[in-house]
Amino acid sequence: MTLGVETANAYVGRAVLDVRELFEVRGLDLARFGNLMMAEKSVNLPCEDPVTNAVNAAKPLVDSLCEEDRDSIEAVIVGTESGLDFGKPLSTYVHHYLGLGRRCRSFEVKHACYGGTAALRTALGLLAQSPRPGARALVVAADAGGSVTAMPYWEPSHGAGAVALLVGDRPDVLELDPGAAGLYSYEVMDTCRPSADLAAGDSDLSLLAYLECLDRSFADYRATVPGADIVDTFDHLVFHSPFGGMVKGAHRQLLRKAKRMAPAGIEADFGARVAGSLGYTARIGNTYAAGLFMALCSLVEHGDFTEPRRIGLFSYGSGCASEFYSGVVGPEAPARLADFKIGERLDNRHRLTMGDYDRLGRHGAHAGGAADSEVDVGPYQDVYEQALAGRGLLVLDRVVNYHRRYRWS
């Protein structure tokens, strides 16, 4: 059975901050600014969380379906590292606020930034076993980053957003190559989320683990797919993208080792096969579990897909797990994503001052574990009015006896 991604949409946040201004105000070393390859980052308001990011990514996609196609969704799987409850998964809220039918599986998959690929792989396995012709799954990769401890250069890349994928047997956007995957995982304490609203760890160790996993997972891919070549097999490469400079360095190391390519050739290859995938990351920042699929959406918008193109995908999650896999982006992909106007929504985000940004931070996110909480947008009413009010997006309203209640803005 042919399976893959039928269509996709991204929620790119409704507020944006200039990253260079953040560097200057925080007193960070501007010599390191260029390596980020970022201009802006999306920012969640305190009334947004991983559930609202997930629903706001998936709702336009689900609303575009006819009733019969909506009823064909038999699994809602949220890949995330931002779980809000040890028992109740994010997917239950997502399923409810999207109004999907009750004949449906619903669960959450967690493994840092690998969670999105883990959710996609699980969906493909479920659909391959489904007795219903035309069955589909909704996969949502969604996070909401909390505060960052002792990692000042992490804050500039700390973005906001989510990606929803409709998975089924009409894969116009990405048809996965069956059985073509390289795997590499081991235990490492590189970065972690010890509580729902806190990120911590060792960013240098995480970079080294990312590079090792790219080398080893691609080596395993080559063992699985005889004759595979990092240059000749793939028209484009899409990596998990915390920030563009990390992807560029990983691509450089991979081509040095695998092809002994000279610096000029590596630079040309990066521009031709990788740079298009980093356009959204440069404007949104790290979206964690959604990082790989945000890069895929960017590539589809910025690449030439007049003909089917085979792409290589590298997924990494701290802790760690990694996978190098492949698939074919079809010529219908740009039109499928164009329906959701991701680039236009990036342009229309509300621009924050540093004063706005720090004020939002003081009112904090309403993380998991709270028994009762009222969400008062009053302290940032001016930003709320510009960014969210009247736009029909899901926002957190209150928490009652641990039950999170949401409303439409």
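This is a guided tour of the structure, stop by stop, with a note on what to select and what can be seen there.

The model is predicted, so local features are described only where pLDDT is at least 70 and side-chain atom pairs count only at pLDDT 80 or more, while totals for chains, interfaces and linings use all residues. Residues are numbered from 1 along each chain as its sequence is written, and side-chain values use heavy atoms, with hydrogens and water left out.

**The nine-stranded sheet**

Begin with the open sheet of nine strands, which follow one another in the order β5-β4-β6-β8-β1-β9-β14-β13-β12 with mixed pairing. Helices and strands here are DSSP runs numbered from the N terminus, with at least four residues of H or I for a helix and at least two of E for a strand, and two strands pair if DSSP finds at least two bridges between them. Select residues 105-110 for β5 and 236-239 for β12: these two strands stand at the edges, each with a single partner strand, so one side of each is left without a neighbour in the sheet. Looking across the sheet, one finds neighbouring strands turned against each other by 25° on average, direction ignored; axes are lines fitted to C-alpha atoms, for helices over the stretch in contact, and angles run from 0 to 180 degrees between N-to-C directions.

Next, select strand β4, residues 73-80, which runs parallel to β5 and is joined to it by six bridges. Within this pairing, I77 has F107 in β5 as its bridge partner. While the strands are on display, it may help to recall that in a regular strand the side chains alternate between the two faces of the sheet.

**Helices on the sheet**

Add helix α5, residues 90-97, which packs on the sheet and touches β4 and β5, its direction making about 135° with that of β4; contact means heavy atoms within 4.5 Å. Then add helix α7, residues 203-224, which also packs on the sheet, where it touches β9 (174-185), β12, β13 (309-317) and β14 (321-329), and whose direction makes about 120° with that of β9.

**From α7 to α8 and α9**

Keep α7 selected and bring in helix α8, residues 244-259: the two pack at an angle of about 40°, with their axes 10 Å apart. That angle makes α7 oblique to α8, given that angles under 35 degrees count as roughly parallel, over 145 as roughly antiparallel, 65 to 115 as roughly perpendicular and the rest as oblique. The crossing of α7 with α8 is right-handed, a term used if the near helix is turned clockwise from the far one by less than a right angle, whereas an anticlockwise turn makes a crossing left-handed. To see the contact, show L207, Y210, L211, L214, D215 and F218 in α7 together with M246, V247, A250, Q253, L254 and K257 in α8. The residues of this contact divide into nine nonpolar, one polar and two charged, where Ala, Val, Leu, Ile, Met, Phe, Trp, Tyr, Cys and Pro count as nonpolar, Asp, Glu, Lys and Arg as charged, and the others, Gly among them, as polar.

Move on to helix α9, residues 263-273, whose axis comes within 10 Å of that of α8 and crosses it at roughly 125°. The helices α8 and α9 are therefore oblique to each other, and their crossing is right-handed. Here K248, H251, R252, L255 and R256 in α8 meet I266, E267, D269 and F270 in α9, and the residues of this contact divide into three nonpolar, one polar and five charged.

**An aromatic pair and two backbone details**

The structure holds 15 aromatic pairs, a pair being rings of Phe, Tyr and Trp (its six-membered ring) with centres within 6.5 Å, stacked if the planes are under 30 degrees apart, edge-to-face if over 60 and tilted otherwise. Select F218 and F324, whose ring centres are 4.9 Å apart and whose planes stand at 65°, so the pair is edge-to-face. This pair links distant parts of the chain, with F218 in helix α7 and F324 in strand β14, 106 residues apart.

In the loop between β13 and β14, select C320, which is joined to G319 by a cis peptide bond with omega of about 0°.

**The smaller groups of strands**

Finish with the open sheet of three strands in the order β7-β11-β10, again with mixed pairing, whose edge strands are β7 (147-148) and β10 (191-195).
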